[in-house]
Amino acid sequence: MTRGTTSTPRLLGRSQRLVLGLFCGLIAAAVVLFAWTIPFRYPSPSLLYKFGADKLLLQVGKDLGLSALLLVVLQTLLAARLRWADRLWSLNRLFAWHRWIGPAAAGFVALHALLILGVEDFVFFSFEKKYWPEWVGVFFGLSLLLLVAGAVWRFRLGLNYQSWLRLHRPLAWLLASGAVLHASTVSESFSSGPPRLLLAGVGVVLVLGFLRLRLRALLLWRQGWRVAAVNRLTARAVAVQLALPEGKKFPYLPGQFAFLSFRSAGVSAEEHPFTIASTPSRPGYLQFVIGAAGDWTAGAGRLRAGDRVRLDGPYGHFSFLLAAEQRPLVLVAGGIGITPMLSMLRFLADGGDPRPILLVWSLRNEAHLFFGDELAGLARRLPGLRQEIVFTQGREGRGRLDRNVLNILLAGSGREAAVFLCGPPAMMADIAGVLQQLGFSGSRLYREEFRF
């Protein structure tokens with residue numbers, strides 16, 4: 001494979017990301033503050049007959065309902081994989097927010113209903129045509145509670161991820177639309193003026209977002225990505241190489257990831273995120289290393305050259321190029337978590353980077369080791385690279401990467417280093433705590449987590 005021109009996107013500096021993020025936050029805050037004023041500045045007729053505490057509780061209840069509406073709309077945006085939002089905050093962080101905001105929105109809906117009905121002494125509306133906006137709200141609220149419960153307790157309920165996701169996505173868009181319909185019809189506050197414009201704007205965002213997702217899914221299949229080669233590395237890992245479509249560029253950062261879906265006789269078309277193991281300093285192809293971690297990934301070896309691929313990416317901030325300064329690097333990987341480290345090391349070697357680099361790779365035993373010859377070649381090309389491959393089992397096993405083992409391995413590493421950590425979630429949580437106990441800064445510790 002010949003070395004080519006580096007193909008990386010234009011980077012946003014830390015200060016640029018902070019400024020743009022603050023600007024987006026101010027816009028969101030302005031929208032929320034305006035929404036909160038609606039029950040006070042644009043009261044519905046029902047508020048004209050309320051006084052004192054009852055009136056205030058009714059206004060607060062309406063504010064909670066509006067807050068829930070805005071949070072539900074925000075949820076659809078957080079899950080839409082907006083490229084500019086990923087460049088500002090990273091998709092991993094956006095999805096983490098998504099997981100927290102869902103229960104918050106459900107809580108606001110529950111409080112909204114309790115306050116509204118409480119002011120009316122819990123006198124419920126009847127099944128009459130004129131109350132259809134209220135029943136839309138009831139359906140929306142109950143459905144949102146069920147949707148959030150399914151997401152939070154999916155593992156306990158034994159729900160298959162792909163089956164759950166196929167149901168979760170359309171229901172989320174349907175519920176967001178139902179929330180807008182409920183707000184626009186249940187209260188005369190939204191019949192005209194700025195409140196009406198707010199709901200119209202929210203509706204436009206939802207429609208455009210939905211159309212974007214549907215069209216984008218079709219366009220991604222048309223980009224022309226195909227499997228170029230599939231190589232078995234170990235009994236539990238395969239390398240899948242994709243050929244870059246003719247005339248297409250794919251700029252990415254070493255360490256980023258993409259979502260892949262295949263049209264193949266060997267595997268289903270489920271979409272999964274995988275780190276790009278190749279380096280942008282060698283454009284023309286992409287390489288992904290897929291480890292057997294479930295039914296689908298265990299069958300990745302059945303992919304064949306020529307299979308069509310839908311590729312959505314790149315995403316993520318897990319790259320040394322986004323670190324604030326050119327610091328020494330400590331790369332800690334567990335199992336298949338070596339893939340972003342491979343991308344970064346390949347990029348560093350092609351650029352002749354002289355900085356001190358420590359690679360710690362934890363594996364069960366030698367049978368799980370791959371690219372051993374390439375790692376030896378990288379050590380020769382990178383004079384500052386030190387490699388520590390730790391086997392946790394077998395005759396030469398040193399056990400898990402606990403405090404004692406890491407203290408020995410990191411003895412020669414400066415605590416000012418930028419640390420990149422990728423592996424099983426439990427391992428990353430344990431090691432992150434140990435690294436900070438050993439004097440590494442939490443602000444310079446980066447973790448790659450796929451929790452979608």
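Which residue in S11 does Leu421 stand opposite? In this predicted model, Leu421 stands opposite Arg447. The pair belongs to a parallel arrangement: strand S10 (residues 418–422) is joined to S11 by four bridges.

These two strands are part of an open sheet of five. The strand order is S9-S8-S7-S10-S11, and the pairing is parallel. Strand S9 (385–391) and strand S11 (445–448) form the edges. Each has a single partner strand, so one side of each lacks a neighbour in the sheet. From one strand to the next, the twist averages 15°. Helix H13 (residues 425–437) packs on this sheet. Its contacts reach strand S7 (329–334), S10 and S11. The direction of H13 makes about 175° with that of S11.

A second open sheet is built from six strands. Here the order is S4-S3-S6-S1-S2-S5, with antiparallel pairing. The edge positions are taken by strand S4 (272–275) and strand S5 (285–291). Each of these edge strands pairs with a single partner, so one of its sides has no neighbour in the sheet. The twist in this sheet averages 40° from one strand to the next. Within the sheet, strand S1 (residues 225–234) and strand S2 (residues 237–243) run antiparallel. Seven bridges join them. One residue pair across S1 and S2 is Ala229 with its bridge partner Gln241, the latter in S2.

Helix H8 packs on the six-stranded sheet. H8 touches strand S3 (257–263) and strand S6 (308–315). The direction of H8 makes about 120° with that of S6. The helix spans residues 193–221 and includes Leu215. Leu215 has a relative accessibility of 52%. The cut-off for exposed residues is over 50%, so Leu215 counts as exposed. Leu215 is also one of the residues in a nonpolar surface patch. The other members are Val207, Phe210, Leu211, Leu218 and Leu219. Together, the patch residues have about 580 Å² of accessible area.

Ser90 provides a buried case. This residue sits in the loop between helix H3 (83–89) and helix H4 (91–119). Its relative accessible area is 8%. Buried means under 20%, so Ser90 falls in that class. Apart from neighbours within four places in sequence, Ser90 is in contact with Ala85, Gly316 and His317.

Technical notes
Residues are numbered from 1 along each chain as its sequence is written. This is a predicted model: local features need pLDDT of at least 70, side-chain atom pairs count only at pLDDT 80 or more; totals for chains, interfaces and linings use all residues. Side-chain values use heavy atoms; hydrogens and water are left out. Two strands pair if DSSP finds at least two bridges between them. Axes are lines fitted to C-alpha atoms, for helices over the stretch in contact, and angles run from 0 to 180 degrees between N-to-C directions. Contact means heavy atoms within 4.5 Å. Patches are made of residues with over 30% relative accessible area and no salt bridge: like charges are joined within 9 Å, nonpolar side chains (Val, Leu, Ile, Met, Phe, Trp, Tyr) within 5 Å. Accessible areas come from the Shrake-Rupley method with a 1.4 Å probe; for residues, only the protein chains shown count as cover. A salt bridge is a side-chain nitrogen of Lys or Arg within 4 Å of a carboxyl oxygen of Asp or Glu. Buried means under 20% relative accessible area, exposed over 50%, partly exposed in between (1.4 Å probe, protein chains only).
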